[in-house]
Amino acid sequence: MTEAGTFDDLFAGADSPKPPFLESRSYMIHGEMLKWPGETETVYSPVMKKLADGGEAIPIGTFALVDEKVSLEAAECCRKAFNQGRGEWPAMKAEGRIKAVENFVRKIKEKRDEIVELIMWEICKSKPDAEKEFDRTMQYVLDTIVDYKNEQNKESSVVAAPGYMAKIRRVPLGVVMCSSPTNYPYNELYTTLIPALLTGNCAVVKVPRTGGLCHLPTFELFAECFPAGTVAMLTGKGRTVMQTIMKSGMVDAFAFIGSTKAAIDLTKVHPRPNRLKLCLGLEAKNPGIVFPDADIDLAVAECTTGSTSYNGMRCTAIKIIYLHSSIKDE
């Protein structure tokens, strides 16, 4: 393919699929879908409409930019629902929480095509990759349920050691705030949210500003499948939503995937940072190492693919390559 051909592929022509448009002012707290009356943000696709004199950005949706008041209301709602571990969700038996998550999975699978299309148009991911992200996420949820069941079985047994016998039980932490990155907005959110919910925590979710449209169709499902206050779903600016909630001290755990600077800026405003539990996925310098006996042509091809696949936006993309000095000139 020529350079001109590659450039032309960035544009949507007359024969291209029709882009979606999801207009939303919705957020979800108290187990209810609510409408935000204030400012919204329009989302534009990286794929542009081809014109004779260049390209035109394609709008694919809007979302609410909720304010500090709504953010605090969401955190307070989850706090009351948790009720120091005595709320409906944290006090529910493991079997009940598992059934609720399984019901959520069944319902969200019905929205697969809509979610995949939104991922494709918003973050320019190919259809096979977008489908893989959805399917892999659903399999992750099911695998997590299996692991949780195994942990529950272990907790039912007695641990014996000289001088004592005991049962070890895990209890929920409280309110967890979850957020996901732009490159894998769907998958990475569920890798933290689902374990948090299964283990009895309540969660405030702030979806990413870029890559967040794919979550909007799920808001009503969280409202349907979980007791009121178990999950709050918010859209907006991170500094408005997340910093406000963190400053309130109503968050017991923080699950975040992003930059170190952003994580530090958020955690340091918590009034009790020493008590805040953290689950962070931050920067990494993933290395590619080429040994002296390597097939050079194969190594070059694999390192190139590992560095540039999905525009180098994979968390596991190769960031630095180490070569043995004996083959550096090859």
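**Two packed helices and a buried strand**

Helix H5 passes helix H6 in a right-handed crossing. Keep in mind that this is a predicted model. Besides that helix pair, there's strand E12 to look at, which is largely enclosed by the rest of the structure because five of its five residues are buried.

**H5 against H6**

- Two packed helices get described by the angle between their axes and the distance between the axes.
- For H5 (residues 112-123) and H6 (residues 127-155), the angle is about 130° and the axes sit 9 Å apart.
- That angle makes H5 oblique to H6, because it falls outside the ranges that count as roughly parallel, antiparallel or perpendicular.
- On the H5 side, the residues that meet H6 are Arg 112, Ile 115, Val 116, Ile 119 and Met 120.
- H6 answers with Lys 127, Ala 130, Glu 131, Glu 133, Phe 134 and Asp 135.
- Sorted by class, this contact has six nonpolar and five charged residues, with no polar ones.

**Strand E12 and its side chains**

- E12 covers residues 253-257.
- In a regular strand, side chains alternate between the two faces of the sheet.
- Here, Ala 253, Ala 255 and Ile 257 point one way, while Phe 254 and Phe 256 point the other way, and all are buried.

**Who pairs with E12**

- Strand E9 (residues 175-179) pairs with E12 in the parallel sense, over three bridges.
- Within that pairing, Met 177 has Phe 254 of E12 as its bridge partner.
- Strand E13 (residues 277-281) also runs parallel to E12, and five bridges join the two.
- Cys 279 in E13 stands opposite Ala 255.

Definitions and conventions:
Residues numbered from 1 in each chain as written. Predicted model: local features only at pLDDT ≥ 70, side-chain atom pairs only at ≥ 80, totals over all residues. Heavy atoms only, no water. Axes fitted to C-alpha atoms, helices over the stretch in contact; angles between N-to-C directions. Helix = DSSP H or I, 4+ residues; strand = E, 2+ residues; numbered from the N terminus. Parallel < 35°, antiparallel > 145°, perpendicular 65-115°, else oblique. Left-handed = near helix turned anticlockwise from the far one by under 90°. Contact = heavy atoms within 4.5 Å. Nonpolar A, V, L, I, M, F, W, Y, C, P; charged D, E, K, R; others polar. Buried < 20%, exposed > 50% of the residue type's maximum accessible area, 1.4 Å probe, protein only. Pairing = 2+ DSSP bridges.
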